[in-house]
Amino acid sequence: MRTAIIGAGIAGIATAIRLASEHHEVTVFEANDYPGGKLSEFEQNGYRFDAGPSLFTMPTYVEELFQVAGEDMSPHFQYERLPLVCRYQWNDDLVLYGWADPLAFASEIEAKLSVPAQKVLNFLKKCQNKYETTGHIFLNKSLHKVSTWLNMPVVKAMLKIPQMDIFTTMNAVHERELGHPKLVQLFNRFATYNGSNPYQAPGILTIIPHFEHGIGAFYPKGGMYQITKSLWTLAQRKGVDFRFGQKVESILTQEGRVVGIKVNGEDKAYDQVVSNMDVYHTYKKLLPQAKHPEKTLNQPRSTSALIFYWGIRHSFPDLHLHNIFFSDDYRAEFDALAAGTINDDPTVYVNISSKCDASDAPSGCENWFVMVNVPPNDGTQDWDALIDRTRKNILKKLTERLGLPIETLIDGESILDPRTIESRTSSYQGALYGTSSNNQMAAFLRHPNFSNRLENLYFCGGSAHPGGGIPLCLLSAKIVHDLIKST
C-alpha cells in the first residue's frame, strides 16, 4: 500500500512508523523544512529552546513505537522521571511544591494549606479510577465506530457514568472534593492541558492529574525535541520518505474516494492519505470542493499561547524545570479568554530546561520559556498591543515574585503568538488543541480519525480524536493505524 501523510508533526511521524513497520510504502510531505510541527527547537545567543510542548507524560507511547518497529529504544531515546513535577507560587508568595510522589504532594498541601493529606490522596485515587475506567477505552479507540461500543469493558464503563462527573464542571468537582481556593485553582489548571476552561469543561477531565501524580512527569535527555528527533530518525530507518519544503496543494478524489495528492502542481497517486494537518485547513484548503462537516469545523477553538523565549543572565536556584506563578482571580482570567483578550494578572508558566541540561544555556545563565494562555486568533484582536501589555504584566509579576528586575537580565528574546503558531503549523486560529473541550459532548464533536464521506482518507494529530498534546497525538496515530489495518 502506498500511503501519503500530510504533515510531519509528531502524530504524522508516529503514523508513518506504524504503517512502515507493516511494509507500507510511506511518504510524508511537510511544508516546513524541519520535522515535528509544534514539537521543534531553536537556538539564540547560545541558548537552546524547545519551541513548543514542554511537559512529557505517558512515555510508554513513545516506547511502543520502538517496539512496533522492532528496535531497542535505549540507544536512541532516554528519559528520567521527575521527582518534582512543578513549583507553584501565588501573589502572596506562598510556594507549594507539586511532588510526583502522591504522599509527599499530599503532605506538602497539608503543611501549606491545612487540607488533610488523606483528603488529597482520596481525590487523586478518584482521578485514577476515572482514568482506568474510561481512559483506556475512549482514548485508545475511535468513538465513531460501532465496534468500539460493542464489548463488555465499554458496557461496564457506561454503567459507571454517574460516577464520572460528566454532567458537572472540573471547578465544581474540585470545590466539592478539595475546598481550599488555592488548591482548587491548582487543580483547575489541568484544564489548560487541552486548552479548556475549568469553569465549563466537564468533570471527567479530572483524570488529567493522574498523568502527573499517578503515572508521572518525565524529562527526555537532551530536551523535548529529542522526542521528535528520535522518532523521525526511527521512521527513516523503517524506510519512510520525508519530503520537506513540499506543501500539499490539494487532496485528489474520484467517485467518493481519495486517490492521491497534488504537490508542486504535480498529481501523485496514493492508495490512502493521512492528514496530520489541522482538520479545518484540510477541508478548507485541500478539499475545497468536497462537502465539509461544518458542525465539526465550526466548533469553538481551544486556547492558544503567547510565549516569550528569554535568555536570562542569572541563575535562580529556587526555580525548577516547571514553574507556575498564579493569578489572584483565576475565573477572571478565563472570562477574559472567553472575551477574546488577556487578563492583566495572568497565570505565568516558566519552563527552564537548563535546570535539567546545563548545556541549554551559557554558564550561570538560564533559558526561560515564559508562557501565558491566550485566546485563539479570531481576527478581532490587536495582537501587537496585547503582546506589549502582557509582556509588561508578566515582567511586573516575575520581578515582584523573584525580587530581581527581570527585564534587565534578558539576553535575547523571541516571541510566539497565535498568528505565528497558525502560520508555522497550520493550526486554525493558532489554537493549540483544535477544538475546545468545554462541554460534555466535546469528545464526540471532535473530528473522527477517518472520513465519513471519502474512502481512504484518515486524520491524526491534535485536531482529531482523541485531542491535542503529545500523548493524545500519539494515540491518534495508533487509532489511524488500527483503522487502516481493519479495512
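In the predicted model, Phe56 of strand β5 has Phe218 as its bridge partner in β9. Two bridges join β5 to strand β9, residues 217-220, and the two strands run antiparallel. These strands belong to an open sheet of three strands with the order β5-β9-β6 and antiparallel pairing. Strands β5 (56-57) and β6 (79-81) stand at its edges; each has a single partner strand, so one side of each is left without a neighbour in the sheet.

A further open sheet is formed by five strands in the order β10-β2-β1-β14-β20, and here the pairing is parallel. The edges are occupied by β10 (241-244) and β20 (457-459), each with a single partner strand, so one side of each lacks a neighbour in the sheet. From one strand to the next, the twist averages 20°. Within this sheet, strand β1, residues 2-6, is joined by five bridges to strand β2, residues 25-30, and the two run parallel. Ala4 has Thr27 of β2 as its bridge partner.

Helix α1 comprises residues 10-20. Burial was assigned to residues with under 20% relative accessible area. By this criterion 11 of the 11 residues of α1 are buried, so the helix is largely enclosed by the rest of the structure. The buried residues include the nonpolar side chains of Ile10, Ile13, Ile17 and Leu19. Arg18, which counts as charged, is also among the buried residues of α1, as are Gly12 and Thr15.

Helix packing was examined for α2 and α17. Two packed helices are described by the angle between their axes and the distance between the axes. Helix α2 (residues 60-69) and helix α17 (residues 470-486) pack at an angle of about 35°, and their axes are 9 Å apart. On the α2 side the contact is made by Tyr61, Val62, Glu64 and Leu65. The residues of α17 in this contact are Pro471, Leu474, Leu475 and Lys478. By class, the contact has six nonpolar and two charged residues, with no polar residues. An α-helix has 3.6 residues a turn, so residues three or four places apart point the same way.

Enclosed space was then considered. Four cavities of 30 Å³ or more are found in a search of the whole structure. The largest cavity holds about 70 Å³ of space. Its lining is made up of Asp278, Val279, Tyr280, Thr296, Leu297, Arg301, Gly434, Thr435, Leu445, Arg446, His447 and Ser463. The elements giving two or more residues to this lining are α11 (279-286) and α12 (294-297). The lining of the largest cavity divides by class into four nonpolar, five polar and three charged residues.

Among the pockets, the second largest has a volume of about 370 Å³. This pocket is lined by 25 residues, and those nearest its centre are Arg301, Leu337, Ala338, Pro376 and Asn438. Arg301 thus appears in the lining of the largest cavity and in that of the second largest pocket. Helices α13 (330-338) and α16 (442-445) each supply at least two residues of the pocket lining. Of the elements, α13 gives the most to this lining, with three residues. By class, the lining of the second largest pocket has nine nonpolar, 14 polar and two charged residues.

Technical notes:
Residues numbered from 1 in each chain as written. Predicted model: local features only at pLDDT ≥ 70, side-chain atom pairs only at ≥ 80, totals over all residues. Heavy atoms only, no water. Pairing = 2+ DSSP bridges. Helix = DSSP H or I, 4+ residues; strand = E, 2+ residues; numbered from the N terminus. Axes fitted to C-alpha atoms, helices over the stretch in contact; angles between N-to-C directions. Contact = heavy atoms within 4.5 Å. Buried < 20%, exposed > 50% of the residue type's maximum accessible area, 1.4 Å probe, protein only. 1 Å grid on protein atoms, 1.4 Å probe; cavity = no way out; pocket = protein on both sides within 12 Å on 5 of 7 lines; lining within 4 Å. Points joined across faces, edges and corners; volume = space filled by probe spheres on them.
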